[in-house]
Amino acid sequence: VKKILVIGPGELRIPSQGWGAVETIIHETIERYTSLNISVDLLNSKRNRDWKKFKNKKYDVIICHSDVLLKRCNHNFKNVRKIAISHYGYAAYPELWDRNYKKLIRQMKNFDKLVCLNPRIFQTFSRYLNSENLILSPNGSSMRFEDCSSSDRSGIVLVGKVEPRKRQYEIANFGKKNDLEIDFIGEVCDERVMNLLRENFYDKQKFLGVKSREELKKLLPNYRALALLSLGEADALVLYEAQLAGLEIIVNSRSLGSQDEHLPWVHVIEEIEDLIKSSMNFSQDPKIISNYAEVNYSWAKRNAALEAAIFE
């Protein structure tokens with residue numbers, strides 16, 4: 001039996017109750033590993049005393065989901081095969097890397113394998129790291145929705161922390177001017193949005209706040225499409241979840257991740273203004289989208305390259 005240690009960021013609990021895409025991915029992939037008869041320990045903490053508990057245990061492979069903990073991982077588990085997964089939204093764009101991330105690239109050289117969540121990240125990392133050590137292994141989802149056939153869907157939803165990188169502020173302003181039906185789900189962390197909510201500039205009901213995963217399951221199938229027009233995403237989990245719920249998706253090239261842009265319900269736009277045009281092109285049956293997603297976005301399919309690396 002293979003014995004692996006999965007290292008989480010140590011910021012939110014796993015499984016996470018509400019937001020926390022990385023935590024959800026860790027939880028769902030651990031379930032997948034267990035089904036393959038892999039023995040899994042989880043270290044989801046930054047505290048030294050927690051790390052000490054695992055330091056002297058024997059593992060075949062360590063999988064680290066946190067860029068920040070790469071150095072510590074190298075230091076604590078010297079003679080074990082190690083796989084790093086970078087979830088950094090700007091991983092494909094060296095011009096946007098902060099100083100710390102540049103230093104982390106050096107740490108990545110000590111890992112046996114590096115998981116790239118989308119082809120663009122793979123290309124970028126190939127310039128800095130040995131491409132033989134890189135694996136292209138995208139995200140997936142095991143979220144399930146009861147009924148995706150509802151015909152009274154309307155509007156566009158954005159799901160995720162409300163922050164400058166995801167550009168909800170700009171999208172909300174555009175939606176307000178053009179009378180577009182757009183809702184926002186997620187914790188508001190953008191000062192500009194907070195200020196405008198205080199001044200009642202936006203309809204408060206458009207910003208629905210943080211929702212648990214159970215609430216999301218009920219809410220998502222009410223919408224026609226989910227939009228993500230971010231300045232950078234690795235491979236956003238929410239795009240998989242939206243399609244499982246039967247939604248069309250509207251993304252820019254920096255948010256596309258590992259999605260197949262040739263699917264008829266994947267709309268790639270570059271300008272926020274193009275939201276109007278793409279919202280007129282929704283024509284897909286939600287059931288067809290969710291059936292496709294169930295078949296193609298399972299972890300068994302999406303995680304195959306990473307699983308192969310564990311068993312090497």
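This report walks through aromatic pairs, helices and unusual backbone spots in one structure. The model is predicted.

**Aromatic rings**

A search of the whole structure turns up nine aromatic pairs. One of them joins F184 and F207. Their ring centres lie 4.6 Å from each other, and their planes differ by 10 degrees. That pair is stacked. It also links distant parts of the chain. F184 belongs to strand β8, residues 182-185. F207 belongs to strand β9, residues 207-209. The two residues are 23 residues apart. Both F184 and F207 are buried.

A second pair is built from Y292 and Y297. Here the ring centres are 5.9 Å apart. The planes of Y292 and Y297 meet at 80 degrees, so this pair is edge-to-face. The cut-off for that label is over 60 degrees. How exposed or buried are the two partners, Y292 and Y297? Y292 has a relative accessible area of 27%, so it is partly exposed. Y297 has a relative accessibility of 3%, so it counts as buried. The limit for buried is under 20%.

Aromatic residues also gather in a group. Y88, Y90, W97, Y101 and Y128 form one aromatic cluster. Another ring, that of Y93, has a charge for company: the charged end of R254 sits over it. The distance from that charged end to the ring centre of Y93 is 3.8 Å.

**Helices**

Now turn to helix α9, which covers residues 237-244. How many of its residues are buried? Eight of the eight are, so α9 is largely enclosed by the rest of the structure. The buried residues are L237, V238, L239, Y240, E241, A242, Q243 and L244. Just after α9 comes G246, with a positive phi of about 90 degrees.

Next, look at two helices that pack together. Packed helices are described by the angle between their axes and the distance between those axes. Helix α6 spans residues 168-177, and helix α7 spans residues 191-198. Their axes are 9 Å apart, at an angle of about 40 degrees. Therefore α6 and α7 are oblique to each other. Which residues make the contact? From α6 come Y169, E170 and N173. From α7 come R192, V193 and L196. The contact of α6 with α7 has three nonpolar residues, one polar residue and two charged residues.

**Unusual backbone spots**

Most residues other than glycine have a negative phi, and most peptide bonds are trans. Some places in this model go the other way. One is the peptide bond between I14 and P15, which is cis. Its omega is about -5 degrees. P15 lies in the loop between β1 (3-7) and α1 (21-35).

Two other places concern phi. N37 has a positive phi, near 70 degrees, and is a residue other than glycine. R167 is not a glycine either, yet its phi is positive, about 60 degrees. The table sets out where N37 and R167 are found and how accessible they are.

| Residue | Phi | Loop | Relative accessibility |
|---|---|---|---|
| N37 | near 70 degrees | between α1 and β2 (39-43) | 54%, exposed |
| R167 | about 60 degrees | between β7 (156-159) and α6 | 17%, buried |

Why is N37 called exposed? Its relative accessibility is 54%, and exposed means over 50%. R167 has 17%, which is under 20%, so R167 counts as buried.

Methods:
Residues are numbered from 1 along each chain as its sequence is written. This is a predicted model: local features need pLDDT of at least 70, side-chain atom pairs count only at pLDDT 80 or more; totals for chains, interfaces and linings use all residues. Side-chain values use heavy atoms; hydrogens and water are left out. Rings of Phe, Tyr and Trp (its six-membered ring) pair if their centres lie within 6.5 Å; planes under 30 degrees apart count as stacked, over 60 as edge-to-face and the rest as tilted. Helices (H or I, at least four residues) and strands (E, at least two) are DSSP runs, numbered from the N terminus. Buried means under 20% relative accessible area, exposed over 50%, partly exposed in between (1.4 Å probe, protein chains only). A charge sits over a ring if NZ of Lys or CZ of Arg is within 6 Å of the ring centre and within 35 degrees of the ring normal. Axes are lines fitted to C-alpha atoms, for helices over the stretch in contact, and angles run from 0 to 180 degrees between N-to-C directions. Angles under 35 degrees count as roughly parallel, over 145 as roughly antiparallel, 65 to 115 as roughly perpendicular and the rest as oblique. Contact means heavy atoms within 4.5 Å. Ala, Val, Leu, Ile, Met, Phe, Trp, Tyr, Cys and Pro count as nonpolar, Asp, Glu, Lys and Arg as charged, and the others, Gly among them, as polar.
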